[in-house]
Amino acid sequence: NSGHSAALSSRSDAMAADRVIVVGGGLAGLSATCELLERGCNVTIIEKESNLGGNSSKATTGIAAPGSAIQKANGITDTGADLTGEGAAAQALVQNGPKDMEWLTKILGVDSELVLRLTPGHGTIARTIGTKTHFPGAVITYAAIHVLGQVAQGKPERLQIISSAKVTKLLTAGAKVTGVEFTRENGSVESMTGIVVITTGGYAGACAPGTVLAKNAPGLVKFPTTNDERASGDGITWAQAVGAGTANLDKIQLTPTAAVLPGQADAQFKVVVSDAISGAGARLIDASGKRFCNEMASAQDRVDAMAKNKPPFRLVIKAKQA
């Protein structure tokens, strides 16, 4: 990995004088930092938690990447045409996502960990890239944290990591964002100027009145969530405060499978059950023990089927498939 960190920090060009502030240390922020360093920028990551990784470190299934090298190596031709009907963003992900993911896993040195999986929502095409051991989110984010930690230690002028610091607002000059103001754990307030990249994640972990979730999808605030308190929508809030545009904040995917832990049936937070389990052959059954839906259907189709059948629902799998 030391070779990867050297590669990320060695390039220098006209952009090197620019300080880029990446707000949020989940997978989006970590991968953005890797690319910014590779392009010659100096970077500061500001993360509100004590550790980097975010909710990304808990991702259990993998990354759907149609047309990836690992598919081609397995003789699979996949254009991802079934995914492009969701608009321009989906088209961009299908077109650029596989090569971006391959770039990231290569520089992080985790290529040997990758496996191809069949997962719900993708028909009979194995296109989801998981990992052989541990959750894929943990494997990739921890590799990124290790590599970037080496850069920060060896070349602190190129990369600075500030944790336990919460950005409270964007600084502006006219219509231009010029930096951020943030509060450290000890209560001290500081500011930093530079180009700002917002990678603060989602908002389904905060359901109190006035939150992003409550404002945009009030019908969901009483639903359990697999997001923890980190997904609070704070980045969206202070971006909107300076006029940032947003779209589709009312579109939140419900996940059909989450674990109900003993004694915590009414808990707001639930632990997600990986769709990789359904891909391996698990079956969803209702209160009578009857299979009631196609486990390989989309998340929304499975949620809709649950609404028409009697709970509690259970996901069962044979030991040899697990």
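Lys58, Asp228 and Arg230 are linked in a network of salt bridges. The model you are looking at is a predicted one, and across it the count comes to 11 salt bridges. Three further pairs are set out in the table below, each with its N to O distance.

| Salt bridge | N to O distance |
|---|---|
| Glu35 and Arg39 | 2.9 Å |
| Arg184 and Glu190 | 2.5 Å |
| Asp250 and Lys251 | 3.9 Å |

How open to the surroundings are these partners? Let us take them pair by pair. Glu35 has a relative accessibility of 34%, so it counts as partly exposed. Its partner Arg39 is partly exposed too, at 46%. In the pair of Asp250 and Lys251, Asp250 has 46% relative accessibility and counts as partly exposed. Lys251 reaches 59%, and because exposed means over 50% relative accessible area, Lys251 counts as exposed.

**A look around Glu190**

The remaining pair in the table deserves a visit of its own. Glu190 sits in strand S9, which covers residues 189–193. With a relative accessible area of 28%, Glu190 is partly exposed, and its salt-bridge partner Arg184, at 27%, is partly exposed as well. The side chains of Glu190 and Arg184 are also joined by a polar contact of 2.5 Å.

Which residues does Glu190 touch, once those up to four places away in sequence are set aside? They are Val180, Glu181, Phe182 and Arg184. You can also try finding Ala165 in the structure: it is 25 residues from Glu190 along the chain, and the C-alpha atoms of the two are separated by 9.6 Å.

**A serine in helix H2**

Now turn to Ser31, which lies in helix H2, residues 27–38. A polar atom of the Ser31 side chain is 3.1 Å from the backbone oxygen of Ala28. Ser31 is also in contact with residues from another part of the sequence: leaving aside neighbours within four places, these are Trp103 and Leu104.

**A nonpolar patch on the surface**

Charged residues are not the whole story of this surface. Leu261, Phe269 and Val271 make a nonpolar surface patch of about 230 Å². Where is Leu261 found? Look in the loop between strand S11 (258–259) and strand S12 (271–272). Leu261 has 37% relative accessibility, so it counts as partly exposed.

**Stepping back to the whole chain**

With these local spots in mind, you can zoom out. The protein chain has 9 helices and 14 strands. Its radius of gyration is 21 Å, close to the 20 Å that the globule rule gives for 322 residues, so the chain is as compact as a globular protein of that length. Taken along the principal axes, the C-alpha atoms fill a box of roughly 65 × 50 × 35 Å.

What share of the 322 residues is buried? Buried residues make up 40% of them. The accessible surface of the chain comes to about 16800 Å², and carbon and sulfur atoms account for 54% of that area.

Finally, consider how the chain meets itself. Among contacts with a separation of 6 or more, 65% are between residues 24 or more positions apart. The contacts of Ser31 with Trp103 and Leu104 are a handy pair to look for as you trace the chain.

Definitions and conventions. Residues numbered from 1 in each chain as written. Predicted model: local features only at pLDDT ≥ 70, side-chain atom pairs only at ≥ 80, totals over all residues. Heavy atoms only, no water. Patch = residues over 30% accessible without salt bridge, like charges linked within 9 Å, V, L, I, M, F, W, Y side chains within 5 Å. Areas by Shrake-Rupley, 256 points an atom, 1.4 Å probe, with all protein chains shown as cover. Salt bridge = Lys/Arg side-chain N within 4 Å of Asp/Glu carboxyl O. Helix = DSSP H or I, 4+ residues; strand = E, 2+ residues; numbered from the N terminus. Buried < 20%, exposed > 50% of the residue type's maximum accessible area, 1.4 Å probe, protein only. Polar contact = N/O pair within 3.5 Å; in protein donor to acceptor, adjacent residues only side chain to side chain. Contact = heavy atoms within 4.5 Å. Rg over C-alpha atoms; globule rule 2.2 N^0.38 Å.
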